[in-house]
Number of protein chains: 2
Amino acid sequence: MAEDLLGWTEIDTGTCSVARAVEILGDRWTVLVLREVFNGVRRFGDIQTHIGVSRSVLAQRLATLKEQGVLERRPYQEPGDRVRHEYRLTPLGRGLQPVLVALNNFGDQFLSGPDGPPVLLRHADCGALVSAALVCADDHRVGPREIRLELGPGARPRA
Amino acid sequence: MAEDLLGWTEIDTGTCSVARAVEILGDRWTVLVLREVFNGVRRFGDIQTHIGVSRSVLAQRLATLKEQGVLERRPYQEPGDRVRHEYRLTPLGRGLQPVLVALNNFGDQFLSGPDGPPVLLRHADCGALVSAALVCADDHRVGPREIRLELGPGARPRA
DNA sequence: CAGTATCCCAAGCGATACTG
DNA sequence: CAGTATCGCTTGGGATACTG
């Protein structure tokens with residue numbers, strides 16, 4: 001993700017992780033649906049009215065996310081109420097949290113109106129604001145220009 | 001982004017930062033274009049052949065990204081060659097790096113084939129792998145469940 | 001090379017009506 | 001409530017041809 005092209009242009013980008021991730025998150029509605037579920041809105045009707053999408057589209061997105069293993073549909077029951085269903089994140093779905101947080105950060109920093117961000121994400125422990133930061137496995141903070149691209153084992157030359 | 005709904009369901013989500021960010025990154029092609037530019041592929045033709053998109057679509061996406069202030073088109077000249085144009089990230093565009101890295105991480109972790117990821121992001125300084133991690137402004141690492149949602153100054157009730 | 005213009009087909013979408 | 005089915009409309013997208 002930096003100034004680099006050591007063969008990057010010669011590999012098949014269809015197998016790239018970003019491309020694969022985008023096949024899940026590829027459209028606006030899907031991202032918004034996931035935001036709702038991350039924020040605790042889990043019922044069909046609640047999601048629908050909150051993001052203002054048509055029922056058919058929501059049903060289709062939820063079905064796809066279920067097929068992909070991002071969400072699961074499970075029955076639950078509040079005392080004295082009839083059985084309902086809710087959508088929960090699977091471990092795969094939870095893996096998307098940094099993406100959602102990074103999107104939220106970006107919007108906060110660059111796209112907020114004069115009043116500032118509408119939603120704040122706070123660290124439950126200390127109350128400080130949360131962001132998705134670049135770090136390395138040796139626990140250093142990584143600056144924007146400090147990323148070196150390297151081909152991995154799954155790289156395939158393109159036809 | 002955690003178990004929470006302290007009024008979240010009552011605010012207008014159209015102004016949410018995630019929604020605003022998705023208006024820029026909302027479709028597959030745009031994300032792939034940005035990946036190319038982050039990876040140093042900056043010329044129209046190179047981007048086009050590398051991601052396999054039609055010229056009309058690429059032109060439209062680049063125009064939109066330029067309008068939105070994510071990319072800028074600038075002339076440059078290699079010695080002995082004629083003038084060319086290239087697309088560069090603006091500061092706004094660079095702000096999207098954590099999103100791209102988070103998408104890449106997600107694909108690596110959850111969607112890679114048996115051979116592992118096709119591309120590795122390394123910290124230029126130490127060579128360790130880079131990821132987009134949740135941290136707070138007080139520099140703590142933040143666990144997936146340790147985020148508390150709070151309404152910010154820009155929150156608007158929904159109609 | 002880096003686009004723009006046109007054509008035409010496929011997909012996405014909301015509105016509405018229907019179902020368990 | 002939580003969907004599915006159908007209907008048109010609008011948009012997206014590749015292919016092709018054209019332009020500076």
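In the predicted model, the largest contribution to the surface near DNA strand D comes from α4(B), which provides four residues. This helix, spanning 55-67 of chain B, is joined by three elements of chain A, namely α3 (44-51), α4 (55-67) and β2 (83-89), each of the four supplying at least two residues of that surface. By class, the surface near DNA strand D comprises seven charged, five nonpolar and three polar residues.

Of the 15 residues around DNA strand D, those that come nearest are Phe44, Gly45 and Tyr87 of chain A together with Ser54 and Arg61 of chain B. Among the atoms of DNA strand D that lie within 4 Å of the protein, 72% belong to sugar or phosphate, while the rest belong to bases. Contacts to phosphate are provided from both chains: an N or O atom in the side chain of Arg61(B) lies 2.5 Å from a phosphate oxygen of the strand, and an N or O atom in the side chain of Arg73(A) lies 3.3 Å from a phosphate oxygen of DNA strand D. A base is also approached, in that a base nitrogen of DNA strand D is found 3.4 Å from an N or O atom in the side chain of Ser56(B).

As regards the arrangement of the two protein chains, chain A can be superposed on chain B with an RMSD of 0.0 Å by a turn of 180° and a shift of 0.0 Å along the axis, and the two copies are thus related as by a two-fold rotation axis. Of the interface residues of chain A, 100% are also interface residues in chain B, so the copies meet through the same surface.

Note on methods: Residues are numbered from 1 along each chain as its sequence is written. Chains are lettered from A and ligands numbered from 1 in the order in which they are written. This is a predicted model: local features need pLDDT of at least 70, side-chain atom pairs count only at pLDDT 80 or more; totals for chains, interfaces and linings use all residues. Side-chain values use heavy atoms; hydrogens and water are left out. Copies are superposed by least squares on the C-alpha atoms of residues with pLDDT of at least 70 in both. Contact means heavy atoms within 4.5 Å. A residue is near a molecule or strand if one of its heavy atoms lies within 4 Å of it. A polar contact is a pair of N or O atoms within 3.5 Å; within protein, one must be able to donate a hydrogen and the other to accept it, and residues adjacent in sequence count only if both atoms are side-chain atoms. Ala, Val, Leu, Ile, Met, Phe, Trp, Tyr, Cys and Pro count as nonpolar, Asp, Glu, Lys and Arg as charged, and the others, Gly among them, as polar.
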